[in-house]
Amino acid sequence: MGRNGQILRISVIGTGYLGLTHAVCMADLGHEVLAIDVDAEKIAKAARGETPFFEPGLEPLLRKNLDAGRLRFTDSFAEIGEFGDVHFICVGTPQAKDGSGNADLSYVFSAADALAPHLTRATLVVAKSTVPVGTSREIIARLHTAPAGEQVDYAFNPEFLREGYAVQDSLTPDRIVFGVTSDTADELMRAVYAIPLASGIPGLTMDLETAELVKVAANSFLATKISFINVMAEMCEASGADVIKLADAIGIDERIGRKFLSPGLGFGGGCLPKDIRAFRATAEDKGVTSLVNLLTTVDTVNLGRRDRVITLAREALGGNFAGKRVAVLGAAFKPNSDDIRDSPSLAISGRLADEGAIVAVHDPVAMTNAARVRPDLRYADSVHDAAERADLVLHLTEWTDYRTIDPDVLRSIVSSPVLIDGRCTLDAAAWRAAGWRVLVPGRPS
Ligand SMILES: NC(=O)c1ccc[n+]([C@@H]2O[C@H](COP(=O)([O-])OP(=O)(O)OC[C@H]3O[C@@H](n4cnc5c(N)ncnc54)[C@H](O)[C@@H]3O)[C@@H](O)[C@H]2O)c1
């Protein structure tokens, strides 16, 4: 509910990971919410109370707010335009397919173009999608073609949620950023988020360009931190040192912090990789060479981790993959998600299969999505099914379930007890004690 008990009519355009979570959480704060997507199947599913993707805690909250009558779905932009006091644009901004690294803004622009003709009164349109700096001004120009013209106000409100913790991050974020050009937009945004703001969560008001940069700067920092510790992993390997002990020791320092300092396979997913590439492309356009260089290095180091695990795997299998059985634990880009966009694990699985390995993949929730992208891999119902007669086991997504695998039992069904722990989270000592050869990038073997 808004400030002074104000219930707002909120529309959400795009019901993917970000948009559906946002729609559900807005309804849960007490607002009336109407959501739209161009994917009719997604809308139909959500309207039945089923989330079209795996996100812990989201489905019960979706059902609760559908039952309370606060949340509805539609396929009509006319209905959206008529309904909303505030319209959130939450559509995708994937990496363009032209190899430039730029963000593909066509979905954002077509959402604005589809909405504009139906805006006939003063209203606020808010972009939540991650966009390159300067994009908001282009969206505003499109919105001002609406019948309501310049009565259509605009805000940029970046989203920082983490998949796997999306509900918690949406309802109780660390901070809420309002990029605005008017006091009325700022006031309306503060009414939308009245409950989290009243609980003490900082709301930061700024100009549009700074708000756009805040989001990509945050992701670039996180990506840099991950690549930093992975460079240290390489140094540890070259020196016979232990990167986990190093990370623990430097991470205790409050100025550094232990989070996002986990070495291993690096980052993937639908955000960090494409966001740093788009930011790099923007930096190139603006001639900010230092940022281009930094982000190029971060990306190169990150992709190099996949090569490193493949090299270790090849060595472990005697120099070649042809006909070798490889069990891969994990397909999602990270645990607690079924998202396989730019998944390091799936990329490695695919490359091993391309080099002739017989790959069996297991993941608790991401196998359906993975099979859509790599139908040629075998998907196993259980860890045991994947590992049966395997010449090598690769641990590539750090689901907590995998920490409870009994290495003794698994040893009895594989052909050869060799484990590469690409995520550095299994108990290497316990696996070794059970007779496994364990290779962990960045740790002494
Ligand atoms: N997923 C995350 O964790 C996360 C976190 C923060 C920010 N973001 C940003 O949020 C945006 C959305 O990401 P996502 O992961 O939800 O993507 P997604 O692909 O899961 O969802 C995008 C949705 O938009 C819909 N869509 C496309 N064009 C449309 C249109 N014209 N009208 C209505 N719907 C349309 C698609 O059908 C899809 O359902 C991106 O900019 C992303 O960078 C995502």
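The second largest pocket is lined by R306, I340, D342, S343, L346, A347, G350, V373 and R374. The model is predicted. This pocket has a volume of about 180 Å³. Helix α14, residues 344-354, gives the largest share of its lining, with three residues. By character, the pocket lining divides into four nonpolar, two polar and three charged residues. R306, D342 and R374 are the charged ones. Gly counts as polar, so G350 joins S343 in the polar group.

**Enclosed space**

Rolling a probe the size of a water molecule over the atoms shows where empty space is left. The structure holds two cavities of 30 Å³ or more.

The largest cavity contains about 110 Å³ of space. Its lining comprises 13 residues. Nearest the centre of this cavity lie K128, E159, S170, P173 and Y193. Helix α1, residues 17-28, supplies the largest share of the lining, namely three residues. Seven residues of this lining are nonpolar, three are polar and three are charged. K128 and E159 belong to the charged group. P173 and Y193 count as nonpolar, and S170 counts as polar.

The second largest cavity holds about 40 Å³. Around it stand T93, A103, T130, V131, P132, V216, K274, D275 and A278. Here the largest share of the lining comes from helix α12, residues 272-285, again with three residues. The lining splits into five nonpolar, two polar and two charged residues. T93 and T130 are the polar pair. K274 and D275 carry the charged label. A103, V131, P132, V216 and A278 make up the nonpolar part.

The three spaces are set out below.

| Space | Volume | Helix with the largest share of the lining |
|---|---|---|
| Second largest pocket | about 180 Å³ | α14 (residues 344-354), three residues |
| Largest cavity | about 110 Å³ | α1 (residues 17-28), three residues |
| Second largest cavity | about 40 Å³ | α12 (residues 272-285), three residues |

**Rings and charges**

The structure holds four aromatic pairs. Arginines also sit over phenylalanine rings. R142 lies over the face of F109, 4.2 Å from the ring centre. R175 places its charged end over the ring of F160, at 3.6 Å from the centre. A charge sits over a ring if CZ of Arg is within 6 Å of the ring centre and within 35 degrees of the ring normal. R142 over F109, at 4.2 Å, is therefore inside the distance limit. R175 over F160, at 3.6 Å, is inside that limit as well.

Terms used. Residues numbered from 1 in each chain as written. Predicted model: local features only at pLDDT ≥ 70, side-chain atom pairs only at ≥ 80, totals over all residues. Heavy atoms only, no water. 1 Å grid on protein atoms, 1.4 Å probe; cavity = no way out; pocket = protein on both sides within 12 Å on 5 of 7 lines; lining within 4 Å. Points joined across faces, edges and corners; volume = space filled by probe spheres on them. Helix = DSSP H or I, 4+ residues; strand = E, 2+ residues; numbered from the N terminus. Phe/Tyr/Trp six-rings, centres within 6.5 Å; stacked < 30°, edge-to-face > 60°.
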